[in-house]
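Open your viewer and keep the selection box handy. We will walk through a few sites, one selection at a time.

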Amino acid sequence: MLKKVDLSVKFCGVTFPNPFMLSSSPVSNSAEMIARAFDAGWGGVAYKTLVTDRIPITHPSPRMHGCNYDGKRLVGLQNVEQTTDRGLKPNLRDIAYLKKHYPKHIVMASIMGFSNREWADLAKAATDAGSDMLELNFSCPHMAVEGSGAKVGQANDLVRKFTETARNVTKLPLVAKLTPNVTDMNEPAMAAKAGGADGISAINTVAGLSEVNLDNFIPQPDVFGKGSISGYSGPAIKPIGLRFIAQLAKNKELGLPLSGIGGIETWVDALEYILLGATTVQVTTGVIHYGYGIVGEMIEGLSDYMAQRKIARVADLVGKAVKNVHETSDFNVRRQGIARYDLDRCVGCGQCYTVCRDAGGSALDWNAKKRRPALTEAKCLSCMVCSFVCPVERLITFKEMPKTWKRRKTVTLG
Amino acid sequence: MAEAERCLLCHDAPCSKGCPASTNPGEFIRKLRLRNVMGAIRTVKENNILGGACGVLCPTARLCEKECSATGIDRTIRIGKLQRFLVEHSWKIGFNPLSGGRFELPPPAAGRVAVIGGGPAGLSCAAELARNGCRVTVFEERAEAGGVLRYGVPGFRLSTEFLKKELEDVKALGVTFKTSRAVGPGGPRGLLKKGFRAVFVGIGLWAPIRPFGGEQGAGVISSVSFLELFRRGKPAPRKLCSGKTVAVIGGGSVAIDCARTALRLGAKDVYLVYRRSFSQMPAEEDERLEALNEGVHFLLLNQPTGYARDKRGGLAGVKLVRTRLSGKDASGRRKPVDIPGSDWVLEAGACIEAVGNKPEEKSISPGKLISADPATGKTSAAGIYAGGDIVRGPGTVVQSVADGKAAAKAILKQLKAAIC
Ligand SMILES: Cc1cc2nc3c(=O)[nH]c(=O)nc-3n(C[C@H](O)[C@H](O)[C@H](O)COP(=O)(O)OP(=O)(O)OC[C@H]3O[C@@H](n4cnc5c(N)ncnc54)[C@H](O)[C@@H]3O)c2cc1C
Ligand SMILES: Cc1cc2nc3c(=O)[nH]c(=O)nc-3n(C[C@H](O)[C@H](O)[C@H](O)COP(=O)(O)O)c2cc1C
Ligand code: SF4
C-alpha cells in the first residue's frame, strides 16, 4: 500500500483529483469507455469533440497509421479521424451520465462549431448537460469542413470571435485548444484570452505525413488509394508540445493556466509538462498504445517522486523549470568543455570513432589493435555525438575545461 | 531495460499466472517499461519478500517464462533476470518499499506469532505477518536465517552478501530473530501456551536419504553435510575433494550443486552418477548444461550398488551396474533396469550422496512430512500452521514463499476473527 500523496490540482478554478486527463479523441468517445478510465484512475476527460448534427460526420477508413522506428512501435501515430461521429444527443446524455456517476471527476466537453451560431448552441448544450468546463477545439488539422478546426486556430480574429460567442452563453471555464501548426502560438492564445478564455490546452496533432508505401506510392494511412497530410501525435511530438507549453508559460501577458498535451506516456513525460507550466496534462496516443492502465503508473510514479522530495502539492511543481528556459543568446559561451571517456568500460565497438570523424571534430584516433578510441582533447567540439551512439551508459560524459584551455581550429584544405 | 522493451505487456498476463507466489511479473515489467521503477520494485517485494533470491534461483523455464507470449514470435522475456535487477537496484538506490514510512504499518496490535524455521517459507510468512501488524519471532536452529539459501545452495549461485541484503529487508519490518534456537517435538504447542497466538512450522528437510541402507564410512558424505559445511566455510569439503576423483550420486538439482562445488574445490574429476538418461534428470536443463560445460562428467544409465573399500577401509570407488531403459514406471518415465553381469567399479577417492532429503528424526515431526492444507497451511491442530518442504517434500524457493504467504493470510484471518 502506497502512502497517499495528494495529487489534486486546481485548473481554471475547477478541482481535479489528479492532473491526468484523457484528451479529446477516440479514447474519450463514450461514457462507457470514460467510466472505465475514471475507474482506472484518470482524474478528468476532454470529451471527444462535439459537433452539431447539421453535417453528419463519417470517418475515413482506415483512419490511423502507426509509425514504428526500428523495433519500437508507435513512436508516432498518423490519424485522419474527424470530430465525433455520434449524434449530439447521445453524447450529451453520456456527459450527464458521467457527471451523475462520477461527480468528483472532471468532464470537459470539447466542442467545435462550423459557424458562430453553432459555437453558441454547442456551448449552451454542453453546459446544460452538466459539463464542468468546455474545451474549444480550434485545432484539428484535417477537418473536412471549411471554417473549422485548425483553420480557425490559424486565424486569430476567428479564435477571438468564437471564444466570445461561447463566453456569452456560458459561465463555465473555457479552455482554448490550440494547434501547433503556427509560428507563434502566443498570438492565438492572446486572441482566446481577449475573447474570454480561462485557460489554454496545447497541442493538438502536428500536421504531418509519416510514411509512403514504396510499392504503390500511397502515403499512409491508405484510404482506398488516397493518402493525405494529417495529424501526427505520440512520443515523436513531445518536444514540440513542450516547446509550445514553455512559450505560453513564459508569456507573462497571457498568464492563463495551461493543459499540456503531446506524446505523454509516463509520469516523467507528464512531469516535464508540469515543470514547464502545465497544471493538467492530457493523453491520447499513450492510451492508444497501452490502454487506460498507464494512469496507474503515472500516479504511482509521480507520488513516489513527490514523497521522496517532500513536495506536498502538484501546484508546487507547476512551472518550476520555466525560469531555466532562456534564449540561446543568453548562454555563456566563454565556458567550454569536452567529452570525457571512461575507457575501462569500453567494449570496443568504435561507433564513437565513426561519428566523431564524420560528424564531429575528428578528434578521435582509432587504435586498431586494442580496439579503443584515443581522444585529442584540443580537437573535441563537445558536440557529444559520440556519447549518443556509445552503447555503454555514461561511459562518455561532458566535462568543463579550465578558462585557459583553447580548442584547436578546424583544418583548412586549399 | 532493453529486455523490458521486448515484453509484449500482455492483457491478462500469463506470466503472472505462472508464478506460484504471485510475484506478478506482468505488472512489474509493465511498471518498469513505463518508467515507474519504484513501483516495479514495490510490486516484486510486496508480493515476494525473497524476490531477489527467486530472481536468481527460480526454475523460470517451467514457471513464469514458460507462459511468456513472446515465445510465439521470439524467445521468452528473461523475467528472472529483470526481477533480480529490480531488487538489486532497490538496494543500490536505498529504497525498501516495505519500510521507511512508505508503508502504513498498522500498530502491532494483532498479536504475537511464532515462526519455526528461517527458510523461505518461514521468512515469507514472517514478513507478511509483520507487514500486517503482528509481532513475529522467528526461531531458527542454525546460526543464521535463510534455510537452504544460507546452508544449502552454494555461494557461487547465490552469494552470502546478496542473501544478507534480502534478509535485511525482512528485519526492517521489525521481525525478531532468535537464531541457534531449535524447537523440539512438543515445541509448537508450548509456544501457543506461552502466549503466541499462532505458530507456523517451516522447518524443511534436513535429514539425508542414504542410498545403501545407511552404509557410509570414510570418504563418503551426504549432500546436506557437504553443502552445509561448505557454506559455513569449513575446511572438510575441500579436504575431501581436492585433487581427487569425486563421485556424486543423484540426478537432481542438489546433485548438480554438489558436483559443481566439488569442481570448484579442486577435484581432479567429478562424475555425476545417475541411473536414468540425461533428459530424465530432475535437475533443470540450464543447470545440467552449465555443469556439463564446466567439466562435470555425466555417468548416465549406471546404478550405484555400494562402495568398494581398500585394505585400510578407505574409499576405493563406487560399485556400479549398467542399466537400460525399459517400459514406463508409475511416474510415467521409462524405468531403468540393471543389465546382468555389467557390474564395474568407478574408482573414486570421495563420494557425495545426493539422492534426496527427508524430515529429521529428532524434530517437530519426527521422520515424517507434516500434513497441512496447501491453500491455508492449516494443520489438524488449532493455531498451528505449516508450509514449505516439510509439507510438500522437496520443492522450490518460490513455492515455499507462496506457502508462507498463504499461511500468513490464514493466520491473519484467524486473529481477526478472534478480535471481532
Ligand atoms: C542444495 C539445494 C539447492 C536448491 N536449489 C534450488 C533452486 O535453485 N531453486 C529453487 O527454487 N529451489 C531450490 N532448492 C529447493 C529450495 O531450497 C527449498 O524448496 C526451500 O528452501 C524450502 O524452504 P523451506 O522454508 O520449506 O525450508 P528450508 O529452506 O529447509 O528452511 C528450513 C529452516 O528451518 C530450520 N529448522 C529446521 N528444524 C528446525 C527446528 N526444529 N527449530 C528451528 N528451526 C529449524 C532450518 O535450519 C532451516 O533454516 C534447493 C534445495 C537444495 C537442498
Ligand atoms: C485518432 C485521434 C483523434 C483525435 N480527435 C481529436 C478530437 O476530436 N478533438 C481534439 O481536440 N483532438 C483530437 N485529437 C488530438 C488529441 O486530443 C491530442 O491533442 C493529440 O493526439 C496529441 O496528444 P498525444 O500525443 O497524447 O496523442 C485526436 C487524436 C487522435 C490520435
Ligand atoms: S482496434 Fe478494434 S475497432 Fe479498431 S480496427 Fe481493431 S478490431 Fe476494429
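Start with the second largest pocket: select A:Lys72, A:Pro235, A:Glu265, B:Glu5 and B:Arg35, which lie nearest its centre among the 20 residues that line it. Bear in mind as you look around that this is a predicted model. The pocket holds about 420 Å³ of space. How does its lining divide by residue character? There are eight nonpolar, three polar and nine charged residues.

Now colour two elements of chain A: E6 and helix H7 (238-250) each give at least two residues to this lining. The largest share comes from E6(A), with four residues.

Keep strand E6 (72-79) of chain A selected and add strand E4 (44-50): each of these also supplies at least two residues of the shell around ligand 2. That makes E6 a handy bridge to our next stop, as it contributes to the pocket lining and to the ligand 2 shell.

Next, select ligand 2 and the residues around it. The shell has 23 residues, and A:Ser23, A:Ser24, A:Thr49, A:Gly263 and A:Thr285 come nearest. By character, they split into six nonpolar, 14 polar and three charged. Show the largest cavity too, and you will find ligand 2 sitting in it.

Three distances are worth drawing here:

- From a nitrogen atom of ligand 2 to a side-chain N or O atom of A:Thr49: 2.7 Å.
- From an oxygen atom of ligand 2 to a side-chain N or O atom of A:Asn137: 3.1 Å.
- From an oxygen atom of ligand 2 to a backbone N or O atom of A:Gly263: 2.6 Å.

On its own, ligand 2 has 610 Å² of accessible area, and the protein covers 98% of that.

Now move over to ligand 1. Which residues are closest to it? Of the 33 that surround it, they are B:Ala121, B:Glu140, B:Arg142, B:Val183 and B:Asp389. Zoom in on B:Glu140, where a side-chain N or O atom is 2.5 Å from an oxygen atom of ligand 1. Then pick B:Trp206, whose side chain places an N or O atom 2.9 Å from a ligand 1 oxygen. For a backbone partner, try B:Glu141: one of its backbone N or O atoms lies 3.1 Å from a nitrogen atom of ligand 1. Ligand 1 has 990 Å² of accessible area on its own, 95% of it covered by the protein.

To finish, highlight helix H8 (120-131), helix H14 (253-264) and helix H17 (397-419) of chain B, each supplying at least two residues of the ligand 1 shell. Colouring that shell by character gives 15 nonpolar, eleven polar and seven charged residues.

Terms used:
Residues numbered from 1 in each chain as written. Chains lettered and ligands numbered in written order. Predicted model: local features only at pLDDT ≥ 70, side-chain atom pairs only at ≥ 80, totals over all residues. Heavy atoms only, no water. Near = heavy atom within 4 Å. Polar contact = N/O pair within 3.5 Å; in protein donor to acceptor, adjacent residues only side chain to side chain. Areas by Shrake-Rupley, 256 points an atom, 1.4 Å probe, with all protein chains shown as cover. 1 Å grid on protein atoms, 1.4 Å probe; cavity = no way out; pocket = protein on both sides within 12 Å on 5 of 7 lines; lining within 4 Å. Sits in = over half its atoms within 2 Å of the grid points. Nonpolar A, V, L, I, M, F, W, Y, C, P; charged D, E, K, R; others polar. Points joined across faces, edges and corners; volume = space filled by probe spheres on them.
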